[in-house]
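Dear colleague,

Please find below the structure that I am handing over to you. I would be grateful if you could look through it alongside the notes that follow.

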Amino acid sequence: MRGSEPDSRDPAGGSTRIHVVSDVHGNTEALARAGDGADALICLGDLVLFLDYADHSRGIFPDLFGTENADRIVALRTARRYDEARAFGRELWAGRDRNTEILGAVRKQYAELFAAFPTPTYATYGNVDVPDLWPEYARPGTTVLDGERVEIGGRVFGFVGGGLKTPMNTPYEISDEEYAAKVEALGPVDVLCSHIPPEVPELTYDTVARRFERGSTALLEAIRTTRPRYALFGHVHQPLVRRMRIGTTECVNVGHFASTGTPWALTW
């Protein structure tokens, strides 16, 4: 999945190269190199690192509460004991200004991450992002899109940001109806870009977390009816299947960039 991915349906192509990343989760160093050799970078969200489930010492949560408490909350969430995890979180936040502290930490990460974006970058939100803050950090050369289209190299790319409601209650989760409206607003596109995958079990199951993440039925319907060349997404860090074809559409999980540091590439 890494490296160049030529479009076999456009054999005369090769003049345009796009790099795509998702789930950056604080990997600023690799992000600064992600556009090297490409005509543009696409980022499918989740810039913020709140808690690294592989290394519990990294992220906003352990910075505020320490690794031991991070170990405990990861254990509770992994065991799907969400009510206990929320109760534990309330204990930790008692007497503290949660919003102020979190937003301060997010702002610090955004300042570094947005500065690392090359020009041009086309980006949409992930479920752990805070959209209200993005206008403060998106510099000229970075275009933020959500429920919107853009032409790159003669092809139309549509972007849908955010995630759907879950017990995790991450910052940018919206209703199925609101998400579907954004998908519908795109109309037919050549490349459908989203943070979450279409609702297909093979694409939504995380083999390490051993659970299904939420995918979108609206995305799946759009793929079936409008038949884009590609559907690109992230969100599921260790999917059962990284790519599959739905009709004529190649569906690709572009990878957990925080751990790989390698963008997925599309050329035509």
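The notes below concern one strand with its neighbours, and then one pocket.

Please bear in mind that this is a predicted model.

Strand β7

Strand β7 covers residues 155-160, and 6 of its 6 residues are buried, so the strand is largely enclosed by the rest of the structure. R155, F157 and F159 point one way from β7, while V156, G158 and V160 point the other way. Buried here means under 20% relative accessible area.

β7 has pairing partners in β6 and β10. With strand β6 (residues 148-152), the pairing is antiparallel and runs over 5 bridges. The hairpin formed by β6 and β7 has 2 residues between the strands, and G153 takes a positive phi near 60° in this hairpin. With strand β10 (residues 191-194), β7 runs parallel, and 4 bridges join the two.

G158 appears in both pairings: this residue of β7 is the bridge partner of R149, and G158 also stands opposite L192 in β10.

The second largest pocket

This pocket has a volume of about 250 Å³. It is lined by 13 residues, of which I60, D63, A105, K108 and Q109 are the closest to its centre. Helices α2 (60-65) and α5 (98-116) each supply at least two residues of the lining, and the largest share, 5 residues, comes from α5. By class, the lining consists of 5 nonpolar, 4 polar and 4 charged residues.

Yours sincerely

Definitions and conventions: Residues are numbered from 1 along each chain as its sequence is written. This is a predicted model: local features need pLDDT of at least 70, side-chain atom pairs count only at pLDDT 80 or more; totals for chains, interfaces and linings use all residues. Side-chain values use heavy atoms; hydrogens and water are left out. On a 1 Å grid over the protein atoms alone, a cavity is a set of points where a 1.4 Å probe fits but cannot get out, and a pocket is an open set with protein on both sides within 12 Å along at least five of seven lines; lining residues have an atom within 4 Å of a point. Grid points are joined across faces, edges and corners, and a volume is the space filled by probe spheres set on the points. Ala, Val, Leu, Ile, Met, Phe, Trp, Tyr, Cys and Pro count as nonpolar, Asp, Glu, Lys and Arg as charged, and the others, Gly among them, as polar. Buried means under 20% relative accessible area, exposed over 50%, partly exposed in between (1.4 Å probe, protein chains only). Two strands pair if DSSP finds at least two bridges between them.
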